[in-house]
Each structure stands twice: as C-alpha cells, then as structure tokens.
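Subject: Structure handover and findings

Dear colleague,

I am handing over the structure we spoke about, and I would be grateful if you could read the notes under it with the coordinates open beside them.

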Amino acid sequence: MSKVIFVTGAGRGLGTDIAREALAAGHQVVATGRRPEEVEKTLGGPQDNLLVTRLDVTSLEDAEAAAQAAVDRFGRIDVLINNAGNFFAGYFEEISPAQMRRQFDTNLFGPMNVTRAVLPILRKQRAGHIITLSSLAGIIGQEFCVAYAASKFGVEGWMESLRYDVEPYNIHTTVVEPGFFRTELLVDASTTWPEPTIDDYAERTTATITAWKSINGQQPGDPAKLARVLLTIAGQDKPLHRFVAGADAIEAVEAKAKELLAQAEASRELGDSLAYDNTHA
C-alpha cells in the first residue's frame, strides 16, 4: 500500500537511497534537506509523487513548515524517517563545548524537532510510524567517538521512551542501529575531524583520523539494501521497536548484551545490599 514517507537528510547518503527506493516502490515522498534544489536534482528532478522542501533539522520552524507542506501536498504523513546526522570525531578533551552542542543539536535535538512537528499530525490520524536512525555507537561506546556516541545514546533513550508515549494513538516507533555502511557519513561534508591540540593525544589523533578515512568506501553494508529493509519495516503491522542493521552490528550487540549481563551479575552482591533494612524498628 502506498504511504506518505517523510525523509530528513535526503540530499545525500542513506537519505537519498531511502527516498529513491520509496519512489520506486510507489510511495509518495517528502524529501527534505538544507539545500532543496540539490535534493531535487539528486533524485532526478520534479515528480508527481515527490515533494522536496527545505529542512535544517536544528530549526523547529523549518520542521513545522516542512510538516505543513507535506500535509498540504499529500494530505497526511504515514512514516517519518529521521535520517539526517553528522559526526564530530575526536577525543573528548579536543572537542570544544560548542562542537559538542552542535553534535547534539543535529543528532538528538534535530530528530526531536522534526518529530515534535510531525507528531500532532500522526496523533490526529491515530496512525503513523516514527523511524529514527541511531547507530551501533548508540549501543557501544567507541574510541574517538565520544561526541557522536553520546548523541546516539541519547537517541536510544529518547526513542525507547517515546514508544510508550505514542503507542495509545496507534503510532509505532523503531530505532535503527546500523553497523558500518557505505554511506557518506565519513566524507568531509558530514564529518568534522579534530585538529591535534593536546600533545598527549596528538599521535593517536593523527593515526586514528588516517584509519577512519581509510574505512570510507570499504564498509561492508550496502545502504540501498538498508533503505529497502527500512521500507519493509515501515510496511509491517507490528514493526520492530529496535532494528540492528548489519551482521557486524548484530555480532557487536550480542557481545554487549553478554557484557551487560556479566556486569549485572558481578554487581549483585553489592547491588542487592542497598535496600533499607526494615527488620529493625
């Protein structure tokens, strides 16, 4: 069945793949980005089933205007895919407070802005699906990813809790945790690489930047396949609340789950001793 699918960050990378696959499947697509003329060009020009509109996810006003434009054009929104994001790489001490805030503004508060604008429409319909791209880094902290991982851990907590807010209105939520996919996250337009500013980190920073850049274009995951799977999930009557995307991510999440269980067991003796002792008056 044809749906109205609203995609953020549709100008490049996975967002472009999602929009293309959705159009090819016969859906009506609202493709958004900071430079709508580039988004439209990337997707092959004007099409009956395509609305391209400006959206900087850090702007709630942009989000509200884009949501209204979608309803004006197609009458409804069925699926919101929060895809837009960026990556501030580096060790914590070399990431400025301003850069940390910018990371959260895009990766956490950005999808919150868009969801805040779209949710009243979904509630009125008593139907809808919110899909938000997190990351394996939202489950497992990694070296050189402190800002990105912190923002994605925030996405995980927000989406996991949002589920309970919106379930009574027949609105589904799915948080997606991709491993390494051949998207454009590691290109300079999406990644801010740190300048070595602290001697203790300088050698590691230089080596890690080189290693990360060498990964780009070699990631095992196919973003077009991921886009098609996301559309499959969007069409399910009872979609997954969490989708771990890629064999590498599944293996890593399984290992993290085992680690958490082991840490819980190791905490048991001390952790169980913390309740009030009610045996004495």
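What follows goes through some helices, a cavity and a few single residues.

Please keep in mind throughout that this is a predicted model.

I begin with helix α8, which runs over residues 223–234 and so has its 12 residues spanning 16 Å from the first C-alpha to the last, close to the 16 Å expected at 1.5 Å a residue. Its buried residues are Pro223, Ala224, Leu226, Ala227, Leu230, Leu231, Ile233 and Ala234, and the elements that cover them include the strands β1 (4–7), β4 (79–82), β6 (128–133), β7 (171–178) and β9 (242–245), together with helix α1 (13–24). At the N-terminal end, α8 is capped by aspartate 222, one of whose side-chain oxygens lies 2.9 Å from the backbone nitrogen of alanine 224, a residue that is itself among those buried in α8.

Helix α9, at residues 247–266, has 20 residues and reaches 29 Å from its first C-alpha to its last, where 28 Å would be expected at 1.5 Å a residue. Buried in α9 are Ala249, Ala252, Val253 and Lys256; seen down the helix axis, these buried residues fall within an arc of 100°, and they therefore line one face of the helix. The face turned away from that buried side carries the exposed residues Ala247, Glu251, Lys258, Leu261 and Ala266, while the buried residues of α9 pack against α6, β7 and β9.

The packing of α9 against β7 can be followed at one residue, glutamate 177, whose place is in strand β7. With a relative accessible area of 0%, glutamate 177 is buried, because buried means under 20%. Not counting residues up to four places away in sequence, glutamate 177 touches Ala249, which is one of the buried residues of α9, and its other contacts are Ser134, Ser135, Leu136, Ile139, Glu156, Arg242, Phe243, Val244 and Ala245.

Helix α4 (residues 97–107) has Met100, Gln103, Thr106 and Asn107 as its buried residues. Viewed down the axis of α4, they fall within an arc of 135°, so that they line one face of the helix, and the face turned away from this buried side carries the exposed residues Pro97 and Arg101. What covers the buried residues of α4 includes β5 (87–88), α5 (109–125) and α6 (146–166).

Two of those buried residues of α4, Thr106 and Asn107, also appear in the lining of the largest cavity. The structure holds one cavity of 30 Å³ or more, and the volume of the largest cavity is about 50 Å³. Its lining is made up of Thr8, Val57, Asn82, Asn83, Ala84, Thr106, Asn107, Pro111, Thr132, Leu133 and Lys152, with α4 and β6 each supplying at least two residues.

Turning to the backbone, you may wish to look at two residues in loops. Arginine 126 has a positive phi of about 55° although it is not a glycine; its place is in the loop between α5 and β6, and it is partly exposed, with a relative accessible area of 46%. Asparagine 170, also a residue other than glycine, has a positive phi near 60°; it is placed in the loop between α6 and β7, and at 43% relative accessibility it counts as partly exposed.

Two further residues complete these notes. Serine 59 is found in the loop between β3 (50–54) and α3, where it counts as buried at 18% relative accessibility, and a polar atom of its side chain lies 3.0 Å from the backbone nitrogen of aspartate 62. Alanine 69 belongs to helix α3 (residues 60–74) and is partly exposed, with a relative accessible area of 23%. Leaving aside neighbours within four places in sequence, alanine 69 is in contact with Leu51 and Thr53, whereas alanine 69 and arginine 35, which are 34 residues apart in sequence, lie 16 Å apart in space, C-alpha to C-alpha.

With best regards

Terms used
Residues numbered from 1 in each chain as written. Predicted model: local features only at pLDDT ≥ 70, side-chain atom pairs only at ≥ 80, totals over all residues. Heavy atoms only, no water. Helix = DSSP H or I, 4+ residues; strand = E, 2+ residues; numbered from the N terminus. Expected span 1.5 Å × (residues − 1). Buried < 20%, exposed > 50% of the residue type's maximum accessible area, 1.4 Å probe, protein only. Contact = heavy atoms within 4.5 Å. Polar contact = N/O pair within 3.5 Å; in protein donor to acceptor, adjacent residues only side chain to side chain. Arc of directions from axis to C-beta. 1 Å grid on protein atoms, 1.4 Å probe; cavity = no way out; pocket = protein on both sides within 12 Å on 5 of 7 lines; lining within 4 Å. Points joined across faces, edges and corners; volume = space filled by probe spheres on them.
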